Amino acid sequence: MSPSKINVNDLTYKINPDLSTVDWAYVCELFAKVDWRKREEIEIEAAFRRSSWTLFIYKEDQLIAFGRTVDDGRYYAVLADIIVDPDFQGNGLGKYLVNALNEKLGDNYHFVNLTAAPGKGDFYKSLGWKKQSTCFIWPQGPKQLRQHTEPEEAQGN
């Protein structure tokens, strides 16, 4: 199925909305739809509540994209959970999410980074992001080790 083309002017963009109005079960469904690790409603809601900036995009009443930032207020900030429903990818929504959230952070931070989903590195590079040479991960399992480390690291060398 090819992605649905939409008029981005017909969308509703909600920055730091009342999180009690978000359908967290559907948020979890979108995580599953993009084949990310399973999220629990209560846990993902708590994570979003601890975020500095949240952004949700709706087509009519249907949630089709979201993202958030996590930061310490001065030195480090991370863009997290940048999700676009695959049925609506290709409409510039991912670009909008990344740019809008990064803009909200401003120039106050020494480091702003993100972890790209496997295969999405070129997308972030197209937006001007650079691959960091000094970033490390403590893998939380074999899938994460395989998907988010260099091949020689995944083999335990």
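The exercises below work through parts of this structure, which is a predicted model, and each task is followed by a solution in steps.

**Exercise 1. Helix H1**

Task: Find which residues of helix H1 are buried, what they pack against, and what is found at the two ends of the helix.

Solution. Begin with the extent of the helix: H1 covers residues 24-33, and in it Trp-24, Tyr-26, Val-27, Cys-28, Leu-30 and Phe-31 are buried. Next, look at what lies against these side chains, where the buried residues of H1 turn out to pack against H2, E2, E3 and E4. Then go to the N-terminal end, which is capped by Asp-23 through a side-chain oxygen lying 3.2 Å from the backbone nitrogen of Ala-25. Finally, look past the helix, where H1 is followed by Asp-35, a residue with a positive phi near 65 degrees.

**Exercise 2. The rings around Phe-48**

Task: Describe how the ring of Phe-48 is placed relative to the rings of Phe-56 and Phe-66.

Solution. The structure holds 10 aromatic pairs. In one of them, the centres of the Phe-48 and Phe-56 rings are 5.5 Å apart and their planes stand at 40 degrees, so this pair is tilted. Phe-48 and Phe-56 are both buried. For Phe-48 and Phe-66, the ring centres are 5.8 Å apart and the planes stand at 70 degrees; because an angle over 60 degrees counts as edge-to-face, that is the class of this pair. The pair of Phe-48 and Phe-66 links distant parts of the chain, since Phe-48 belongs to helix H2 (residues 41-49) and Phe-66 to strand E3, 18 residues apart. Phe-66 is buried, as is Phe-48. As a last step, place these rings in their wider setting: ring pairs link Trp-24, Phe-31, Trp-36, Phe-48, Phe-56 and Phe-66 into a cluster.

**Exercise 3. Two residues of strand E4**

Task: Decide whether Asp-81 is buried or exposed, and set out the surroundings of Asp-81 and of Ala-80.

Solution. Asp-81 is found in strand E4, which runs over residues 76-84. The relative accessible area of Asp-81 is 9%, and because buried means under 20%, Asp-81 is buried. The side chain of Asp-81 makes a polar contact, at 3.4 Å, with the side chain of Arg-39. Beyond residues up to four places away in sequence, Asp-81 touches Phe-31, Trp-36, Arg-39, Ile-44, Phe-48, Phe-66, Gly-67 and Arg-68. Ala-80 also has its place in strand E4, and with 14% relative accessibility Ala-80 counts as buried. When neighbours within four places in sequence are left aside, Ala-80 is in contact with Gly-67 and Arg-68. The C-alpha atoms of Ala-80 and Thr-115 are separated by 7.5 Å, although these residues are 35 residues apart along the chain.

**Exercise 4. Two loop residues**

Task: Locate Ser-51 and Tyr-75, and state whether each is buried or partly exposed.

Solution. Ser-51 has its place in the loop between H2 and strand E2 (53-59), and with a relative accessible area of 12% Ser-51 is buried. The side chain of Ser-51 reaches the backbone oxygen of Ala-47 at 2.9 Å. Apart from residues up to four places away in sequence, Ser-51 touches Arg-68, Thr-69 and Val-70. Tyr-75 lies in the loop between strand E3 (62-71) and E4, and at 43% relative accessibility Tyr-75 counts as partly exposed. Together with Tyr-76 and Phe-111, Tyr-75 makes a nonpolar surface patch of about 340 Å².

Methods. Residues are numbered from 1 along each chain as its sequence is written. This is a predicted model: local features need pLDDT of at least 70, side-chain atom pairs count only at pLDDT 80 or more; totals for chains, interfaces and linings use all residues. Side-chain values use heavy atoms; hydrogens and water are left out. Helices (H or I, at least four residues) and strands (E, at least two) are DSSP runs, numbered from the N terminus. Buried means under 20% relative accessible area, exposed over 50%, partly exposed in between (1.4 Å probe, protein chains only). A polar contact is a pair of N or O atoms within 3.5 Å; within protein, one must be able to donate a hydrogen and the other to accept it, and residues adjacent in sequence count only if both atoms are side-chain atoms. Contact means heavy atoms within 4.5 Å. Patches are made of residues with over 30% relative accessible area and no salt bridge: like charges are joined within 9 Å, nonpolar side chains (Val, Leu, Ile, Met, Phe, Trp, Tyr) within 5 Å. Accessible areas come from the Shrake-Rupley method with a 1.4 Å probe; for residues, only the protein chains shown count as cover. A salt bridge is a side-chain nitrogen of Lys or Arg within 4 Å of a carboxyl oxygen of Asp or Glu. Rings of Phe, Tyr and Trp (its six-membered ring) pair if their centres lie within 6.5 Å; planes under 30 degrees apart count as stacked, over 60 as edge-to-face and the rest as tilted.
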